[in-house]
Amino acid sequence: MRLLLVEDDPLLGEGLQASLQLEGYAVDWLQDGEAAWAALRSDTFDMIVLDLGLPRLSGLEVLKRLRTHNAEVPVLILTARDAPRDRVEGLDSGADDYLIKPFDLDELAARLRALARRRSGHRRPVMRHGPIELDPSRHEVRFQGQPVVLPRREFSLLRLLLEHAGEVVPRHRLQEALYGWQDDVESNTLEVYIHHLRRKLGREWIVTVRGVGYRIPEVVE
Ligand code: CA
């Protein structure tokens with residue numbers, strides 16, 4: 001899942017980027033509001049963590065512009081303890097959740113998982129689809145009840161496909177979810193990850209839609 005982190009405090013930003021990467025997100029980190037707004041216009045993100053007190057353009061202004069453009073991407077805002085009005089205005093401007101600084105990293109991770117569930121309509125914490133089970137909080141996957149070891153990017157890929165089970169997920173969406181800006185992407189790496197997933201789950205669970213992308217087939221219950 002591709003996440004945009006907007007935080008101007010360098011220490012906090014660095015720590016958040018590292019810990020969110022460990023949670024399995026492809027994290028792009030920006031430090032001012034103008035840069036964030038430019039990125040949001042040109043790129044697609046699955047999730048945004050947005051500090052409100054930012055140089056050049058406030059987080060609130062970024063959020064308002066984003067929602068004016070009707071983007072449905074989940075946004076979690078980070079606010080200062082002494083600014084309750086910011087929280088109210090942030091929520092009223094289209095934020096989905098907020099955390100007050102300083103906050104606990106585990107709580108941030110749990111809230112992001114909850115936002116991802118709401119977005120995908122999978123309200124149960126463990127995603128189940130036929131023989132496939134994926135637990136985002138534990139980073140565990142089971143196939144026919146047996147644990148399957150998936151490295152971070154294979155896990156993210158499977159999670160995104162499961163969120164859209166039955167639909168074709170375009171190649172570029174999958175690629176965006178796997179890589180941040182810093183990563184060098186070879187054009188065939190997506191195929192490599194798909195190959196690994198198929199080897200572990202069976203070919204029939206990941207269908208190629210030629211020229212478009214990949215799909216996990218519907219399950220007939
Ligand atoms: Ca700040």
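1. Let me start in the sheet: strand 3 (residues 47-51) runs parallel to strand 4, and four bridges join them. Strands and helices here are DSSP runs numbered from the N terminus (E, at least two residues, for strands; H or I, at least four, for helices), and two strands pair if DSSP finds at least two bridges between them. Before going on, a caveat: this is a predicted model, in which local features need pLDDT of at least 70 and side-chain atom pairs count only at pLDDT 80 or more, while totals for chains, interfaces and linings use all residues. Residues are numbered from 1 along each chain as its sequence is written, and side-chain values use heavy atoms, with hydrogens and water left out.

2. Strand 4 (residues 75-80) also has a partner in strand 5 (residues 97-101). That pairing is parallel too, with five bridges. You can follow a row across the sheet through Leu-78: Asp-51 stands opposite Leu-78, and Leu-78 in turn stands opposite Leu-99 in strand 5. Strand 4 is mostly covered, with five of its six residues buried (buried is under 20% relative accessible area, exposed is over 50%, and partly exposed is in between, using a 1.4 Å probe and protein chains only).

3. How is the link from strand 4 to strand 5 built? Helix 4 (residues 84-92) completes a right-handed β-α-β unit with the two strands. Right-handed means that, with the strands pointing away from the viewer, the path from the first strand over the helix to the second runs clockwise.

4. Thr-79 is a nice one to click on. This strand 4 residue counts as buried at 2% relative accessibility. Its side chain makes a polar contact of 3.3 Å with that of Arg-87 (a pair of N or O atoms within 3.5 Å; within protein, one must be able to donate a hydrogen and the other to accept it, and residues adjacent in sequence count only if both atoms are side-chain atoms). Setting aside residues up to four places away in sequence, Thr-79 touches Leu-52, Arg-87, Leu-99, Ile-100 and Lys-101, where contact means heavy atoms within 4.5 Å.

5. Now the metal. Which residues coordinate the calcium ion? Asp-8 (OD), Asp-51 (OD) and Gly-53 (O) do, at 2.2 to 2.3 Å, and these donors follow the spacing D-x42-D-x1-G along the chain. Donors are N, O and S atoms within 2.8 Å of the metal (3.2 Å for Na, K and Ca), and water is not among the atoms, so sites may look incomplete. Asp-51 is buried at 5% relative accessible area, whereas Gly-53 is partly exposed at 48%.

6. Over at the N terminus, strand 1 (residues 2-6) and strand 2 pair in the parallel sense over five bridges, with Leu-30 as the bridge partner of Val-6. Helix 1 (residues 10-22) joins these two strands in a right-handed β-α-β unit. Strand 2 (residues 26-30) has five of its five residues buried. Ala-26, Asp-28 and Leu-30 point one way and Val-27 and Trp-29 the other, and all are buried.

7. On packing: the largest nonpolar core has 27 residues, and Leu-157, Leu-158 and Leu-174 have the most contacts inside it. Such a core is a set of buried Ala, Val, Leu, Ile, Met, Phe, Trp, Tyr and Cys residues joined through side-chain atoms within 4.5 Å. Strand 7 (132-135), strand 8 (140-143), helix 6 (152-163), helix 7 (171-178) and helix 8 (189-201) each supply at least two residues of this core, and helix 6 gives the most, with six. A second, separate core of 21 residues includes Val-6, Ala-39, Leu-54 and Val-75.

8. Last, some backbone spots to check. Most residues other than glycine have a negative phi, and most peptide bonds are trans. Lys-101 and Pro-102 are joined by a cis peptide bond, with omega about -5 degrees; Pro-102 is in the loop between strand 5 and helix 5 (105-120). Arg-56 has a positive phi of about 75 degrees although it is not a glycine. It belongs to the loop between strand 3 and helix 3 (59-68) and is exposed at 64% relative accessible area. Gln-144, in the loop between strand 8 and strand 9 (146-148), has a positive phi near 50 degrees and is exposed at 59%.
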